[in-house]
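Student: I am new to this structure and would like a close look at a single part, namely the contacts made by its side chains. Please begin with the aromatic rings and then turn to the charged groups.

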Amino acid sequence: MSQMPGQDLDSLYQEIILDHYKRPQNAGLRDPFEAEVHHVNPTCGDELTLRVHLEGGGDDAVVADVSYAAEGCSISQAATSVMTELLIGRPVHEAAAVHAEFLALMHGRGTIEPDEDVLGDGIAFAGVAKFPARVKCALLSWMAWKDATTQVLGAEPTPTPSQSPDQEEQA
Amino acid sequence: MEGLLPDLEVIRKDFPILERTLAGGHPLVYLDSANTSQKPQVVIDAMVDHLERHNANVARAMHQLGAESSAAFEASRDTVARFLNAPSRDEVIYTKNASEALNLVASTLTFAQEISTEAATFGPLGEGDEVLITEMEHHSNIVPWQLLTQRTGATLRWFGLTDDGQLDLSSIDELINERTRVVSLTWVSNMLGTVNPVREIARRAHEVGAIVVLDASQAVPQMPVDVQDSGADILVFTGHKVTGPTGIGVLWGRRALLDQLPPFLGGGEMIATVAMERSTYAGIPHKFEAGTPPIVEAVGLGAAVDYIDSVGMAAIRAHEEAITAYALDGLASLPGITVLGPQTAHERGGAIAFEVDSIHPHDVAQVLDSRGVAVRAGHHCAKPAHARFGVQSSTRMSSYLYTTPAEVDAFVEALAYTQRYFGTTGASA
């Protein structure tokens, strides 16, 4: 009964993913932020509260911070951690391009060769794309980020830097 | 091992899927039967035979195939009625699944003008009326009652749970009162495994004239169920958990109650006559079976209940209890495992939800699957029950009449492997 795991399992649970799972980056909810969203995965119950703070407006808008509180499996937790590392500090238009690249990778059913220059640690999720049931785990935070960012840009075309919408503690 | 089905190896040969191997050459260890059961060859054959030789619509086709198909469909109803010890075959109504059956009850009660039970007359439901459910219900026995109470203004009330996963009956005298119109609860919890004292609760509910609805989705597959002895006014279950096909569920109800409920879905088959100004309705069961019913599914369901009945429901219950006890022992042999619900097999059905320290249920199920062990991970459509125990989600293994002790061994071994894989073995934190 001591067979080696299938190759698939190790391609899913890359070291990078397990590292991020055990030591999540940028975790916690922080001020300031312009939008906060709560996303759930209704089939498994994973939950994520995510805040986005943008600085600058229009084409110069920059992802100044992405903070979060999450409960979920290793894949969803690690994906959130990797995403914040990739997106914080980037101009929004660049971040959107990374988002698109990650989505394409996840929907590629394992046929897409990930571009490390764009996705950094995100390439570790290439194996997840071969497990259709887990793709939604990896995408939970990315969808939440897009939702929150769209809310900020839609509601406030030129967000005022460092302004928190209100001082209520929502988390 | 005492209690195991004596012909277990023969029974396993009845289920062709159990011969399967999965990726990596691992034999299938199917421990997700509370989710859906596997199907014996006799059910598969009955359905194929019907489609190959007897297929026609029922009740309206004036030809030989129509007569054969109608006879097969109605024979299935006879079989199910006999299996449940229903006083009348007409009290057996076919639905799409247990969810639809529960929605049928809640929806028709929403519109019922007046209902008389042995101890009360009430209706239409509104403010001041109460519907009582429990915190261990499957979402399908929660949401329909939320809809009913939101639509009528009635109040939804809940039996709480004790720390060991039993219904908290300490407040039963207050919860079941003269305002209680419906008490709807699960017989066996799909998450905690708890077997509820339904007869006693039904007795109390009937004293105040309330209608008793039993969700028997996890009970009918694994224990003898006699609807007349159960105390239920309405009892529902689904075909695919009793070795039958998906797409068919059963609602049994007392005629006196069903006759008072308005129709559910309108359409063909459920009418007596239709005129442009109004229609009159067929009697039960057809009043609640609008449209072409699940014909081949009914044939499959009839074969399925014949099959488990021939094995014997008391014997299946004994088998489930033996396997469950063995699995509880196996789980107790590993560090960092917390079993939710009652801790002894005789208090519970054959589904065991548990937590593994520091490993998310999704990850547990994923690694088990890589070893051929199929379990369920998530909230099992019982979020309030999970919330009650402060758990977001859990892993669940569930056995059935074809489950062997060796499969439980493989499951426990795979679980130990999972802990090693994630480096949490012996973690005492």
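Tutor: The following account treats the aromatic rings, then the salt bridges, and lastly a patch on the surface.

This is a predicted model, in which local features need pLDDT of at least 70 and side-chain atom pairs count only at pLDDT 80 or more, while totals for chains, interfaces and linings use all residues. Residues are numbered from 1 along each chain as its sequence is written, chains are lettered from A and ligands numbered from 1 in the order in which they are written, and side-chain values use heavy atoms, with hydrogens and water left out. The predictor assigns the complex an ipTM of 0.77 and a pTM of 0.90. For chain B the mean pLDDT (the predictor's confidence in each residue, from 0 to 100) is 95, and 99% of its residues reach 70 or more.

Over all chains, the structure holds eleven aromatic pairs. Rings of Phe, Tyr and Trp (its six-membered ring) pair if their centres lie within 6.5 Å; planes under 30 degrees apart count as stacked, over 60 as edge-to-face and the rest as tilted. One of these pairs joins A:Phe102 and A:Trp142, which are stacked at 4.4 Å centre to centre with 10° between the planes. A:Phe102 belongs to helix α4 (residues 92-106) of chain A and A:Trp142 to helix α6 (residues 132-155) of chain A, so the pair ties together parts that are 40 residues apart in sequence. Helices (H or I, at least four residues) and strands (E, at least two) are DSSP runs, numbered from the N terminus. A:Phe102 is buried at a relative accessible area of 1%, and A:Trp142 is buried at 0%. Here buried means under 20% relative accessible area, exposed over 50%, and partly exposed in between (1.4 Å probe, protein chains only).

In chain B, the ring centres of B:Tyr421 and B:Phe422 are 5.4 Å apart and their planes stand at 80°, so this pair is edge-to-face. Both B:Tyr421 and B:Phe422 are buried. Together with A:Tyr13 and B:Tyr417, B:Tyr421 and B:Phe422 form one aromatic cluster. The ring of B:Tyr417 also has the charged end of B:Arg371 over it, 4.0 Å from its centre; such a charge is counted if NZ of Lys or CZ of Arg is within 6 Å of the ring centre and within 35 degrees of the ring normal.

The charged groups come next. A search of the whole structure finds 30 salt bridges over all chains, each being a side-chain nitrogen of Lys or Arg within 4 Å of a carboxyl oxygen of Asp or Glu. Among them is the bridge between A:Arg51 and A:Asp31 (3.4 Å, N to O). This pair links distant parts of the chain, with A:Arg51 in strand β2 (residues 47-55) of chain A and A:Asp31 in the loop between α2 (15-22) and β1 (35-40) of chain A, 20 residues apart. A:Arg51 is buried, with a relative accessible area of 2%, whereas A:Asp31 is partly exposed at 46%.

In chain B, B:Glu321 and B:Arg317 form a salt bridge whose closest N and O atoms are 3.5 Å apart. Both residues lie in helix α11 (residues 313-332) of chain B, four residues apart, about one turn of the helix.

Finally, B:Ile271 is found in strand β13 (residues 271-274) of chain B and is partly exposed, with a relative accessible area of 31%.
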